[in-house]
Each structure stands twice: as C-alpha cells, then as structure tokens.
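This report introduces one protein structure to a reader who has not met it before. The sequence and the model are shown first, and the description follows.

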Amino acid sequence: MSQTKRVEGQAAYILHRRPFRDSSQILDLFSRDHGRVSVVARGSRGARSKLKGVLRPFMRLNVGWVQRTDLGTLTGAEVGGAPLSLAGDALLSGYYVNELLLNFLHRHDEQPDIFELYASTIHALAADSSLTAVLRNFEMELLGAVGYALITDVDTTQHQPLRADQHYEYRFEAGPVAVQRSEGALVFSGATLQAIGERQFDQPAVLRSANRLLREVIAFHLGGKELKSRKVLVDLHKARMPTTNVEAS
C-alpha cells in the first residue's frame, strides 16, 4: 500500500490473535467493508490496557485502524453488539469457522455477504443449535461464495439431472459422475446428493454424507492442509461415545 488508509467505526470480528513484542498483539480481523485485515494492537496485552476485555474472538466490534503497509495499526475498538458465550463444542466449532475464513479469504477483499453469514453462524453456535448442521451449512455457503460451490443436481458428464437411484462419484473438479458401484469415499446416491443440496440436515444419514463430502472437498481446496481446530474436533469425537452431539467436522 502506497497511501495511508484510515478506517473508523468498522464492524469486525477477530479471527485470530497472537502476541507481538512485550505487550502488544497482532489481530487478524474480518471486517464488513474491508474484508480480512491484519493490525497490531499496541499495548493491548498490558495490565492497564482498556482493550483487554474488548479484543475477544466471536465478539462483534466496532474498530478503527490506520494502514500504510500490509500490517495496519489499531486506533480504537469497542463492543458492537450483545456479548456471545461460546463454550465446549460450540467454542471449538467457532475456531474451526475462523480457521476456514483465514484459509479461504484473501486479504483486503470485501465480502459483506460472507461477513453476515459469519455473524449468523456464530449466533447459531451460541444458541446451542445442531452444531454439525450449522457447520455443514456454513461450509456450503462459504464454498459457494468463493467460487467452489458444490454441484448436487446434475451429472456433469451427461448434463442431465441426477437420478435418485443412480450412484455417482463426486470428482473435485467436475462434480457428480455416474458410476456402477455403490461404495467409495466419494460415492453417493443421486437422492443423497440432492438432499445435501437441499440442506436436509435434519436427516442423520444426509448429515453424515454431507460431512463426508465436505471434508474431502475442503481438504482438496486447501491442498491437503490440516486445520488445527478440525483435528481437535476429530480427536474429541473419537474419544467419545457414539451419541456425541458433534460429528467430526
């Protein structure tokens, strides 16, 4: 950036934060009108900082910053909405959502629709909704917004609507392709793919299939990178009884 940018009163959430020098921290923000930005919050970890109780993840903030290089400087922050409380699985799910955004969004790319999607998702997690269904819906909406929308209604080789009784292999760069087998990591019936597209996540079998499909699709678009928050969720799921509320994300 060659010119100084000054922003005031911008709605934003903290996606990630890390210590910087003695008492400062670097914040990765997701802002409504400026997308992802990174700023240094000088002295914000100090014992006397007025921002210690404000700069928290999942809290809607109104922030200001000045930016001359890729790393800006926070000039102010205040709470911009009612406090939200995430704990346990909901908290881990929130960190997973944050990590997805950090990996899929480009810096300084305005994404107001994704910003509102994020806000509604965090509220749904805080409301103790069906966490797995909330995550699957967020993943599908995010993939669509960044140009990787799932194809769940058409056989991409035949250019025909999916047949409910036909099995298809989902190929990352092509979509559903008809196959003569019913087993495989990415093989689904046409009925199942259609149900995923319609977000019929109140049906356990559809939700499990969506989990399997989205896990592989996201891994492909991340180049095989493993998300730390997802690994924690998977490890917790494996350690629990089968009746756990949250499937491995």
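## Aromatic pairs

Seven aromatic pairs are found in the structure, which is a predicted model. One of them brings together Y13 and Y118 in an edge-to-face arrangement, with 4.9 Å from centre to centre and 70° between the planes. This pair links distant parts of the chain, since Y13 belongs to strand β1 and Y118 to helix α2, 105 residues apart. Y13 has a relative accessible area of 1% and is therefore buried, and Y118, at 0% relative accessibility, counts as buried too.

Y118 also forms an edge-to-face pair with F30, where the centres are 6.3 Å apart and the planes stand at 80°. Because F30 lies in strand β2 and Y118 in helix α2, this pair ties together parts that are 88 residues apart in sequence. F30 counts as buried, because its relative accessibility is 0%, under the limit of 20%. Together with F115, the residues Y13, F30 and Y118 form one aromatic cluster.

## The barrel and the helices across it

The strands β1 and β2, which carry Y13 and F30, belong to a closed barrel of five strands that runs β1-β2-β3-β5-β4 with mixed pairing. From one strand to the next, the twist averages 55°. Strands of a sheet pair through backbone hydrogen bonds, either parallel or antiparallel. In this barrel, strand β1 (residues 5-20) and strand β4 (residues 61-67) run antiparallel and are joined by six bridges, with K5 standing opposite Q67 in β4.

Two helices lie across strands of this barrel. Helix α1, made of residues 88-104, lies across β1, β2 (24-31) and β3 (35-41), and runs at about 110° to β1. Helix α2, made of residues 112-126, lies across β1 and β2 and runs at about 55° to β1.

## Salt bridges

How many salt bridges does the structure hold? There are ten of them, and they include the pair R136 and E139, whose closest N and O atoms are 2.7 Å apart. Both residues lie in helix α3 (residues 131-145), where they are three residues apart, or about one turn of the helix. An α-helix has 3.6 residues a turn, so residues three or four places apart point the same way. R136 counts as buried because its relative accessibility is 0%, and E139 counts as buried at 2%.

A salt bridge also joins R181 to E169, again with 2.7 Å between the closest N and O atoms. This pair links distant parts of the chain, with R181 in the loop between β9 and β10 (187-189), E169 in strand β8, and their positions twelve residues apart. R181 has a relative accessibility of 39% and so counts as partly exposed.

The side chains of R215 and E216 meet in a salt bridge as well, at 3.8 Å from N to O. R215 is partly exposed at 30% relative accessibility, and E216 is partly exposed with a relative accessible area of 27%. Elsewhere, R18, D28, D70 and R107 are joined into one network by salt bridges that share partners.

## A hairpin and its strands

Strand β8 (residues 167-171), which holds E169, runs antiparallel to β9, and five bridges join the two strands. A hairpin of three residues connects β8 to β9, and Y168 stands opposite A178 in β9. Strand β9, residues 175-179, is mostly covered, as four of its five residues are buried.

## Helix α4 and the contacts of T152

Which residues of helix α4 (residues 190-197) are buried? They include G190, L193, A195 and I196, and what covers the buried residues of α4 includes α3, β8, β9, β10 and α5 (204-221). The helix is followed by R199, whose phi is positive, near 55°.

T152 lies in the loop between α3 and β6 (154-155), and it counts as buried because its relative accessibility is 11%. When its neighbours within four places in sequence are left aside, T152 is in contact with L162, L193, Q194 and G197.

Terms used: Residues are numbered from 1 along each chain as its sequence is written. Side-chain values use heavy atoms; hydrogens and water are left out. Two strands pair if DSSP finds at least two bridges between them. Axes are lines fitted to C-alpha atoms, for helices over the stretch in contact, and angles run from 0 to 180 degrees between N-to-C directions. Contact means heavy atoms within 4.5 Å. Buried means under 20% relative accessible area, exposed over 50%, partly exposed in between (1.4 Å probe, protein chains only). A salt bridge is a side-chain nitrogen of Lys or Arg within 4 Å of a carboxyl oxygen of Asp or Glu. Rings of Phe, Tyr and Trp (its six-membered ring) pair if their centres lie within 6.5 Å; planes under 30 degrees apart count as stacked, over 60 as edge-to-face and the rest as tilted.
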